[in-house]
Amino acid sequence: MQSVNNSKVRKLTQLSFFTVIAVTIFSIEAALPLLSPVQGIKLGLANIVTLVLLQYYTPSEVFLVLLARILLASLLNGQMMTLLYSLSGGIFCYLIMLLVNRLLRGKYIYITSILGGVFHNIGQILMALVLIPSGGILVYVPLLMISGILAGLFTGLCAHFFHKKMGAWMKRLQQE
Amino acid sequence: MEEKKRAVVLGVLIGILLIGSLAAYFWIQNSAKKKEGSCIAKIYQNGELLEEINLSEVEAKYQKKFQDSKGGYNTIEVRNGEIGVVSADCPDQLCKKQGFTSLSSNPIVCLPHRFSIEITNQEGEEEWDAVSE
């Protein structure tokens, strides 16, 4: 009994730890000067956390961290709009990354990440279409696809290197 | 090894997406510039068309303020052939940064206020001589 409770608490603490990291990364990135006047062009560095967690935790646990991060980051940094867009982008990104990660058995994280970036932007475009029902937004699709690919590649490489250097540490964290 | 094959397939798909997007991007930029004739700006808020302005017929520049239901505002400036947002109270100010536009490839969008300006170019005088039925 004791040990089960302990491990639950431990797991919760670990996930909280990663949530805070993700929120911090997101907030710092949000504070930096924008790369482009187009809404939605960003690096999405917080996704590195999601990517790494996918390798070590169950899908529900990763999703929990994702939701918590989106909620907290939106509360801290923006308003209702931010929440809707982040949620939409985040969920699309998460679902495709879950699928691809499973297909690739955890290898080639940068491919998972690239698709995550693309689908994140697809999610945001869809939400934009819901909120601003005019076809004008669609001219941004090509740019957002390119941006999603490049950003995904970058974050994927970051996650890949993290996995390489800190993989052992992550495993120990889990098993303690 | 199975994963490698899948990775390659996905990689190819991504490559196609990338090339396609680049092509689409340049095509959009290009095709918007070629058009001549009158330039109509359409102003949307919450999905409703609020106003249509023929930019080519604008003589003196003027400004107009648009407010949304929550009190947020976007002030636009209309000039001959151009339109843009000059001030707004949205947190990201991206709409202002988008500057002035006269192209359908570059709409001005303020996501927090669900406000957008789209440009449609109409061809110059081009009457059909006859239509057969």
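**Exercise 1. The β7–β8 hairpin of chain B**

In β8(B), B:Ser116 is the bridge partner of B:Val109. The model is predicted. Task: work out which strands pair with β8(B), in what sense, and over how many bridges.

Solution.

- Step 1. Start with β7 of chain B, residues 108-110. This strand pairs with β8(B) in the antiparallel sense, over 3 bridges.
- Step 2. Now take β1 of chain B, residues 39-45. Its pairing with β8(B) is antiparallel too, over 7 bridges.
- Step 3. Find a residue pair for β1. B:Tyr44 stands opposite B:Ser116 in β8(B).
- Step 4. Put the pairs together. B:Ser116 has B:Val109 as a bridge partner, and B:Tyr44 stands opposite B:Ser116 as well.
- Step 5. Check the cover. β8 spans residues 115-121, and 6 of its 7 residues are buried. The strand is mostly covered.

**Exercise 2. Two arginines with positive phi**

Task: locate B:Arg114 and A:Arg105, then state the backbone angle and accessibility class of each.

Solution.

- Step 1. Recall the rule. Most residues other than glycine have a negative phi.
- Step 2. Place B:Arg114. This residue is in the loop between β7 and β8 of chain B. The two strands form a hairpin, with 4 residues between them.
- Step 3. Read the angle. Phi of B:Arg114 is near 50°, a positive value.
- Step 4. Classify B:Arg114. Its relative accessible area is 23%, so B:Arg114 is partly exposed.
- Step 5. Place A:Arg105. It lies in the loop between α4 (80-103) and α5 of chain A.
- Step 6. Read its angle. Phi of A:Arg105 is also near 50° and positive.
- Step 7. Classify A:Arg105. Relative accessibility is 55%, so A:Arg105 counts as exposed.

**Exercise 3. Buried or exposed in chain A?**

Task: assign A:Asn121 and A:Ser60 to their helices and decide whether each is buried or exposed.

Solution.

- Step 1. A:Asn121 sits in helix α5 of chain A, residues 109-131.
- Step 2. Apply the cut-off. Buried means under 20% relative accessible area. A:Asn121 has 4%, so A:Asn121 is buried.
- Step 3. List its contacts beyond four places in sequence. They are A:Gly40, A:Leu144, A:Met145, A:Ser147 and A:Gly148.
- Step 4. A:Ser60 belongs to helix α3 of chain A, residues 59-77. At 55% relative accessibility, A:Ser60 is exposed.
- Step 5. Add a distance. A:Ser60 and A:Leu104 are 44 residues apart along the chain, and 19 Å separates their C-alpha atoms.

**Exercise 4. The overall build of chain A**

Task: describe the fold of chain A from its element count, and compare its radius of gyration with the globule rule.

Solution.

- Step 1. Count elements. Chain A has 6 helices and 0 strands.
- Step 2. Compare radii. The radius of gyration of chain A is 17 Å; the globule rule gives 16 Å for 176 residues. The values are close, so chain A is as compact as a globular protein of that length.
- Step 3. Add the extents. The C-alpha trace of chain A spans about 60 × 30 × 30 Å along its principal axes.
- Step 4. Check burial. Of the 176 residues in chain A, 48% are buried.
- Step 5. Check the surface. The accessible surface of chain A is about 8,800 Å², and 72% of it belongs to carbon and sulfur atoms.

**Exercise 5. A nonpolar patch on chain B**

Task: name the members of the surface patch that includes B:Val9.

Solution.

- Step 1. B:Val9 is in helix α1 of chain B, residues 2-34. At 51% relative accessibility, B:Val9 counts as exposed.
- Step 2. The patch consists of B:Val8, B:Val9, B:Val12, B:Leu13 and B:Ile16. Together they have about 460 Å² of accessible area.

Definitions and conventions
Residues numbered from 1 in each chain as written. Chains lettered and ligands numbered in written order. Predicted model: local features only at pLDDT ≥ 70, side-chain atom pairs only at ≥ 80, totals over all residues. Heavy atoms only, no water. Patch = residues over 30% accessible without salt bridge, like charges linked within 9 Å, V, L, I, M, F, W, Y side chains within 5 Å. Areas by Shrake-Rupley, 256 points an atom, 1.4 Å probe, with all protein chains shown as cover. Salt bridge = Lys/Arg side-chain N within 4 Å of Asp/Glu carboxyl O. Buried < 20%, exposed > 50% of the residue type's maximum accessible area, 1.4 Å probe, protein only. Pairing = 2+ DSSP bridges. Rg over C-alpha atoms; globule rule 2.2 N^0.38 Å. Contact = heavy atoms within 4.5 Å.
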